Amino acid sequence: MSKCFSFTEAKNWCLRSRFTKSGLRSTVTDFSDGTIMHCWVPTTRNESKPDLLLIHGLGANALWQWANVIPRLIRYFNVYVPDLVFFGDSSTTRPERSESFQAECVMKVMEANSVKKLSLVGLSYGGFVGYSMAAQFKEKVEKVVICCAGVCLEEKDLRDGMFKVSNLEEATSILVPQSPEKLKELLGYSFFKLPPMGLLPSCLLNDFIDAMCTDPTLILWGEHDQIFPLELGHRLKRHLGDNAKLVVIKNAGHAFNMEKPKESYKHLKSFLVDLQPLQQNNSK
């Protein structure tokens, strides 16, 4: 019996083609320690452009989460889009599983591509990794955008009912779905208005947050995020103080970059390119 048509593989093919047409090429970096990292890098690096790193959240690979903004951002930046370890074509035989290890691996890829300074955008779990990069490699990271990443998450938040799940096991089954039913549940949590049709990251230590307080940071959050509720965005803003700006994407959930791609890009461009002050959402 022949294998049925795979929509996912067809979509992956289309997205790879879009990345390629945007001027990116697929590369694999072997660290010779059991770790292999896949990353989309500029086919031709323009020395006059700044370097921008896009870090994906939980999902199969980086293609699906950044396809909407790649063609636009490529005009202003040398764009780098890695698959984090255990996603896409990146893997390791080493026992490490922390955001700190992910950050080290991503920075090694950047160094292998002669990137000395960069700005970064981290989405969901990618925000945890991006924050860790900014804390570990402070001299190399310039601007940081954190999108719907609960880096201020505390264990008591689960107990106190902030989330719709009550324990880590349930969260894991939703965030890393292994069945169609769990995938539908994840989509329900991710989108405010659902379109037709790992592990819950641990909180970064407070000293990571403190280490970031002198850097400009943009915090983007979906108003109706059900995975990392908006309160965590306000909490992160309070931690970072005046050096951070919180922008709330109205009528959007955790996947605001897919629900409101034009508005998401507008804020990214304003912060990363235009250097114009972003209007902060003052409601707390």
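Me: Where does serine 124 lie?

Reply: The model is predicted: local features need pLDDT of at least 70, side-chain atom pairs count only at pLDDT 80 or more, and totals for chains, interfaces and linings use all residues. Residues are numbered from 1 along each chain as its sequence is written, and side-chain values use heavy atoms, with hydrogens and water left out. Helices (H or I, at least four residues) and strands (E, at least two) are DSSP runs numbered from the N terminus. In these terms, serine 124 is in the loop between strand 6 and helix 5.

Me: Is serine 124 buried or exposed?

Reply: Buried means under 20% relative accessible area, exposed means over 50%, and partly exposed lies in between (1.4 Å probe, protein chains only). The relative accessible area of serine 124 is 10%. Serine 124 is therefore buried.

Me: Which residues is serine 124 in contact with, leaving aside its neighbours within four places in sequence?

Reply: Contact means heavy atoms within 4.5 Å. Cysteine 147 is 23 residues away from serine 124 along the chain, yet their C-alpha atoms are separated by 5.9 Å. With neighbours within four places left aside, the contacts of serine 124 are Gly57, Cys147, Cys148, Ala149, Phe228 and His254.

Me: How many residues of strand 6 are buried?

Reply: Strand 6 covers residues 118–123. In a regular strand the side chains alternate between the two faces of the sheet. Here one side holds Leu118, Leu120 and Gly122 and the other Ser119, Val121 and Leu123, with both faces covered. The number buried is six of six.

Me: In strand 7, which residue is the bridge partner of leucine 123?

Reply: Two strands pair if DSSP finds at least two bridges between them. Strand 6 pairs with strand 3 (residues 51–55) in the parallel sense over four bridges, and with strand 7 (residues 141–147), also in the parallel sense, over five. On the strand 3 side, leucine 52 has serine 119 as its partner. On the strand 7 side, the partner of leucine 123 is cysteine 147.

Me: Which hand has the crossover from strand 6 to strand 7?

Reply: The chain passes from strand 6 through helix 5 to strand 7, a β-α-β crossover. A crossover is right-handed if, with the strands pointing away from the viewer, the path from the first strand over the helix to the second runs clockwise. This crossover is right-handed.

Me: At what angle do the axes of helix 4 and helix 5 cross?

Reply: Axes are lines fitted to C-alpha atoms, for helices over the stretch in contact, and angles run from 0 to 180 degrees between N-to-C directions. The axes of helix 4 (residues 99–112) and helix 5 (residues 125–136) come within 8 Å. Angles under 35 degrees count as roughly parallel, over 145 as roughly antiparallel, 65 to 115 as roughly perpendicular and the rest as oblique. The two axes cross at roughly 70°.

Me: Which residue of strand 9 stands opposite leucine 220?

Reply: Six of the six residues of strand 8 (residues 217–222) are buried, so strand 8 is largely enclosed by the rest of the structure. Strand 8 runs parallel to strand 7, joined by four bridges, and pairs with strand 9 (residues 244–249) in the parallel sense over six. Opposite leucine 220 stands valine 247.

Me: What phi does glycine 241 take?

Reply: Helix 10 (residues 230–240) is largely enclosed, because eight of its eleven residues are buried. Glycine 241 comes just after helix 10 and takes a positive phi of about 75°.
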